[in-house]
Amino acid sequence: MTKIKIALLIKQVIDTRISEGWAPGADGTVDRNALPAIINPEDLHALEQTLRLKEQLGGNAEIVAISMGPQRAAEALRECIWRGADDAVLISDRKVAGADTLATSYALALAIKKVGASLIFAGRQTIDGDTAHVGPQVAQALGIPQITYAEEVALEGDSLVVKRRLDDGFEVVKSPLKALITVGSSAAKCRFCNAKRMLRSRKAEIKTWSAADLDGDLSRFGLAGSPTQVLYSEPIVTESKGGVVLTSSIEDIATLVAELRSNHTIE
Amino acid sequence: MGNFYKDNIRLKRQFTHPLMHEIVALREKNYTESEQFDYAPTDFEDAVECYDSTMALLGEICADVIATNAPYVDRQGPSCANGRVTYADGTQENHRTLTEASLYGMSLPRRFDGLNFPTVAAIMAAEMVARADAGFENIWSLQDCAETINEFGDEELKAEMLPRIARGETCSMDLTEPDAGSDLQSAMLRAWWDDETQTWRLTGVKRFITNGDAHIKLILARSEEGTTDARGLSLFVYHKDWGGVTVRRIERKLGIKGSPTCELVFDNAPAKLVGSRRMGLIKYVMSLMNGARLGIGAQAVGISEAALQAAHQYALERKQFGRPIIELTAVAEMLSVMQAKVDASRALLYETARFVDLAKGYTEKAKNEGLEGDERQRNKWAQRNADMLTPILKLLASEYSNQVTYDAIQVFGGSGVVEDFPVARLYRDARVTTIYEGTSQLQVVAAVKYISNGELPASIRERIASISEPELAERFTHLADELEHAVNYCTERGNDLFTLHQRRLVEMGGHIVMSQLLYAERGVDERAEQSFRHYLAMTEAWSAERKRFIEIFSPEQIGLK
């Protein structure tokens, strides 16, 4: 049996789950240095599914993590290797910067072809963009089936049986081993790094590909290839009678969090 | 999302202590192992990065898995049926997670699948695991049995047992018996040579055995028929697969409920001898115990840290009289005392671990290539300090963990005694730390000789020489004078008075040492400065009180004899 190549799409994001000590700027953007950089949480759920699939295949698979982003994103890819991925590729080039989800998907699809992966896993959506576009758009670009909201992925003969978590229950679907699967946070948590793997590949060089390496249409990369344009964004302040008006300042956020904690809404 | 390593800057700092260069170079045999093992460091900075990232991984698991499971493990506890123990669900998950992350065998040599980390790192790991769940830390820390096998076992035994420990097989040290607790030399479990199968066999009962259903056991047994003292005892290894040991029952306990405390029946169980006959208690168990005492020091610091953080957080959030209770002086002082005791314990913990590392490093080097120049002296110096500081650490850190958790409950008020908050569990967990691996009273016996032979007072004087501020030097000199006065006072008046007050003398010395270690750290941040000032002031008050008590209280005045 030939080795199945599985591509795992990941994104390094800032940890916006941290609720205190920061606030978006006046233009709605976030200071990337104010918060730690992490692997997008649902991408880790996807990584766990690839590792389990590899175990089901008796180790007969190669998991290649792929990301597009600044050089720093190599850290996130290295962490994927520490957690069990076999290899990693970073697409990093000023020509791909400023990409919207369409241009991102275009670049990722080219990288997947170049890697030679037939099965692709990704997180359902990122905690920064929250669009859930990239996975489906990559499937579209590659012309393969997509299965979203995956919770469990099992191998059955030459097919995958995927349990999808939906709002009002779940659905089980079958697919060929050539598909793109996005995994949600209801799926199993990702295993931790393995200390020996981590020490062994602590300085692992992460392969970096430029736009030119991807051999695509240069006008479809980055800002140039992005039809989406953000005109402006605005923090929404909801007001109600008898309530307290809170703005998106650090102090007001702290007040809100303290209030929610004291009434045990959050821990 | 938490991380018990990254949220505590006092840990990482240990890796940049000036002595670490020497410790790591010894441990890594001048970084020659990187040619053989791709995960071995190539230089000091690389080694520190390895420790740093591994501790961060463990810190994440401690916060997200072990600490999360702790209250449930405390409630469920292990169970015993048909002679076997089943861990609580959370304990099983903790163990599985750490095994899958290759975190067991951290201080084992690489040739036995370990990470070859120094004691300082292993102790840090123990501290973090204990902060997450003190009961589970017992199971985790018992992997130190590997150290004893590594140090005294033959090559065959090492090759058979050590890689199993790195793969997550658990250990136990089976010393205590119904009639041999603190007095281990009266252990009676019988070891006899079975000619037929050409193997040692063990027969008898052990009691209070932590993690007694472990895969790999170290057992103290009487191999010399007709003897009744320490010289008739040898140390044996037993593996669960060999059969013959069953768990009769597990104890219901006050705290550390996640770790099963077992009564064991040895029914002619096959076993292998470790090292030489008759050296079991005299040499091997003493070494094993010293390591274990350092481990309890780490456990005590971990529990104290957990209690301090919980109490601090609560005092910031809990409002009474219209303001957070931390603004009340009575509460703030309690927290400050707790912080000073935690920091003092931790300072002594890592100081002791560094001496243990140096002594181990030079002893290993002596075995392999021999020592040159002043290395022999340095080895002796390190060993002496390790032996001197280990019982003082065990004594004071364990007593402090009881005091700190007691105060933590006080900060929480009524909420402290309900089990919805972690401090009630921490208080229960802390209690045994002054008892197992040698009671506080036994630690005093081990430490007091360094008081009476003048070594501890001399090392205190030595440290005073490096204090540059005249005011502080004077205060420390006064403390050293008081200690010497108290020692002389007792010595001149005979054995009984000395025995009565030996704990006070050891404590006086220990407090000064801790103050001096906090002095050395005080520049790093505001908290370090606060802890130093507060602890030194308390040391002065405690010293004066002890000195006075020694002068006015004699053995005849003891009641209830």
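Here are four short exercises on the two chains above, each with a worked solution.

The model is predicted: local features need pLDDT of at least 70, side-chain atom pairs count only at pLDDT 80 or more, and totals for chains, interfaces and linings use all residues. Residues are numbered from 1 along each chain as its sequence is written, and chains are lettered from A and ligands numbered from 1 in the order in which they are written.

**Exercise 1. Describe the overall build of chain A.**

Let's begin with the secondary structure. Chain A has seven helices and eleven strands, where helices (H or I, at least four residues) and strands (E, at least two) are DSSP runs numbered from the N terminus.

Next, the extent: along the principal axes, the C-alpha atoms of chain A fill a box of roughly 65 × 40 × 40 Å. The radius of gyration of chain A is 20 Å, in agreement with the value near 18 Å for a compact globule of 267 residues. That radius is taken over C-alpha atoms, and the globule rule is 2.2 Å times the number of residues to the power 0.38.

Finally, the interior: 39% of the 267 residues in chain A are buried. A residue counts as buried with 20 or more other C-beta atoms within 10 Å of its own, as exposed with 12 or fewer, and as partly exposed in between, with C-beta atoms placed from the backbone.

**Exercise 2. Work out the strand order of the sheet in chain A, and see what packs on it.**

Start with the order: nine strands of chain A form an open sheet, 9-8-7-10-6-1-4-5-11, with mixed pairing. Two strands pair if DSSP finds at least two bridges between them.

Now look at the edges. Strand 9 (169–176) and strand 11 (207–209) of chain A each have a single partner strand, so one side of each lacks a neighbour in the sheet.

Then zoom in on one pair: strand 1 (residues 4–10) and strand 4 (residues 61–68) of chain A are parallel and share seven bridges. Within strand 4 of chain A, A:Ile66 is the residue opposite A:Leu9.

Last come the helices. Helix 1 (residues 41–56) of chain A lies across strands including strand 6 (119–123) of chain A, to which it runs at about 150 degrees. Angles run from 0 to 180 degrees between N-to-C directions, and axes are lines fitted to C-alpha atoms, for helices over the stretch in contact.

**Exercise 3. Characterise the side of chain B that touches chain A.**

First, the count: 16 residues of chain B are in contact with eleven residues of chain A, contact meaning C-beta atoms, placed from the backbone, within 7 Å.

Second, the source: helix 3 of chain B gives the most to this side, with seven residues.

Third, the make-up: this side of chain B divides into eight nonpolar, four polar and four charged residues. Here Ala, Val, Leu, Ile, Met, Phe, Trp, Tyr, Cys and Pro count as nonpolar, Asp, Glu, Lys and Arg as charged, and the others, Gly among them, as polar.

**Exercise 4. Compare the surroundings of two residues of chain B with positive phi.**

Take B:Lys29, where phi is near 45 degrees. B:Lys29 sits in the loop between helix 2 (20–27) and helix 3 (44–76) of chain B, and is partly exposed, with 15 other C-beta atoms within 10 Å.

Now B:Glu437, where phi is near 55 degrees. B:Glu437 lies in the loop between helix 12 (422–431) and helix 13 (440–452) of chain B, and is buried, with 24 other C-beta atoms within 10 Å.

Definitions and conventions
Two residues are in contact if their C-beta atoms, placed from the backbone, lie within 7 Å.
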